[in-house]
Amino acid sequence: MANNNSTTSNGMTTPEGNQVTQKITRKTLLFLFFWIAEEDKAKNVFSESAHTRMKNIKKTDWFNESLHKVHCPPVHKFAEFQSITDYWLNHYGGKDQVSIKEIGIFSHAAPDGPIITSDSINHPDRVPFRFNDGTYSYTQLNLTGWSKFNFYWHSSNPRMTFFGCNTAYEAKSFAMNISGLSNFKNVEVGGQSASSFPSFSPSKRSTTVARNNDIGWFTGDTYMVSGEAGKGAQATLLSAKALPMKFYKNEILLYTRTQEFFNSSDQKL
């Protein structure tokens, strides 16, 4: 396991006039961007979007390789959110030396949250999802299931973002409901207000014919942005409006923003 050797010194003087120096060890901050890796036409969208988020973090002026660790693990089962988090936490020294600063989940989703089609067992913590053909499968977790995760959140401004469709849908906001769970207390939780689509830009919907045919991902960044239905041709030929994401804390709406704010240099750590 790796130890965090990044330290600062804090000096104080005893009543006898002797200078005492204390070594203060800073925790490693861990960023995890999960993408659903099952065989699906959107698989590349999920992977590329997660890796764009990682790349942008590493380009910020606050990023420090010795203090910040970023990974984009593929996921096939809901249980892997916990097992992979535990793995990277222990890899960098355990919960006394590491905490989670940000988690993102790039997936298909609906108002009950991320969908993992290959993880469709009937279980009390699952929500039945109705497919377009009328069949049902238990491909989502209910709130009880989400309440069982331990993400070892950092004490200052941690964030959880769901990039899949309708995860902050106005009529039933999954992101808001997640932010009310005890294991997400004081965590900023974001989601999409409508369907999400791949885009070159974090602030508008812009794509190409190649990407519409699942090729050409190497030509630029990829973001999963929310947008209005029926704007595919406009997004391909020019660009279309991106709808802002909604972010909550303790079930209270904090703000609505498009994703360019993620890349700003004033993110609080």
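Four strands form an open sheet in the order S13-S15-S16-S14, with antiparallel pairing. Strands S13 (196-199) and S14 (204-205) each have a single partner strand and stand at the edges, so one side of each is left without a neighbour in the sheet. The model is a predicted one. Helix H1 (residues 43-59) packs on this sheet. H1 also helps line the largest cavity and the largest pocket.

**Sheet and helix H1**

- Strand S15 (residues 223-227) and strand S16 (residues 240-243) run antiparallel and are joined by two bridges.
- Gly227 has Ala242 of S16 standing opposite.
- H1 touches S13 and S15. The direction of H1 makes about 110° with that of S15.

**The cavity**

- The count of cavities of 30 Å³ or more comes to one.
- The largest cavity holds about 60 Å³ of space.
- Its lining is made up of Ser49, Thr52, Arg53, Asn56, Phe106, Phe163, Thr222, Tyr223, Met224, Gln259, Phe262 and Asn263.
- H1 and S15 are the elements that give two or more residues to this lining.
- The largest share comes from H1, with four residues.
- By class, the cavity lining has five nonpolar residues, six polar and one charged.

**Ser49, a lining residue of H1**

- Ser49 is one of the residues that line the largest cavity, and helix H1 is where Ser49 is found.
- Is Ser49 buried or exposed? Its relative accessibility is 2%. Buried means under 20%, so Ser49 counts as buried.
- Leaving out residues up to four places away in sequence, Ser49 touches Phe106, Thr222, Tyr223 and Met224.
- Phe106, Thr222, Tyr223 and Met224 also appear in the lining of the largest cavity.

**The largest pocket**

- The volume of the largest pocket is about 680 Å³.
- The pocket is lined by 31 residues. Closest to its centre are Asp40, Lys41, Ala42, Phe46 and His108.
- At least two lining residues each come from H1, strand S7 (108-110), strand S9 (126-130), S13 and helix H5 (209-212).
- Which element gives the most to the lining of the largest pocket? That is S13, with three residues.
- The pocket lining divides into 12 nonpolar residues, 11 polar and eight charged.

**Shared elements**

- H1 touches S13 and S15 in the sheet.
- S13, an edge strand, lends residues to the pocket lining.
- S15, joined to S16 by two bridges, lends residues to the cavity lining.

Terms used. Residues numbered from 1 in each chain as written. Predicted model: local features only at pLDDT ≥ 70, side-chain atom pairs only at ≥ 80, totals over all residues. Heavy atoms only, no water. Pairing = 2+ DSSP bridges. Contact = heavy atoms within 4.5 Å. Axes fitted to C-alpha atoms, helices over the stretch in contact; angles between N-to-C directions. 1 Å grid on protein atoms, 1.4 Å probe; cavity = no way out; pocket = protein on both sides within 12 Å on 5 of 7 lines; lining within 4 Å. Points joined across faces, edges and corners; volume = space filled by probe spheres on them. Nonpolar A, V, L, I, M, F, W, Y, C, P; charged D, E, K, R; others polar. Buried < 20%, exposed > 50% of the residue type's maximum accessible area, 1.4 Å probe, protein only.
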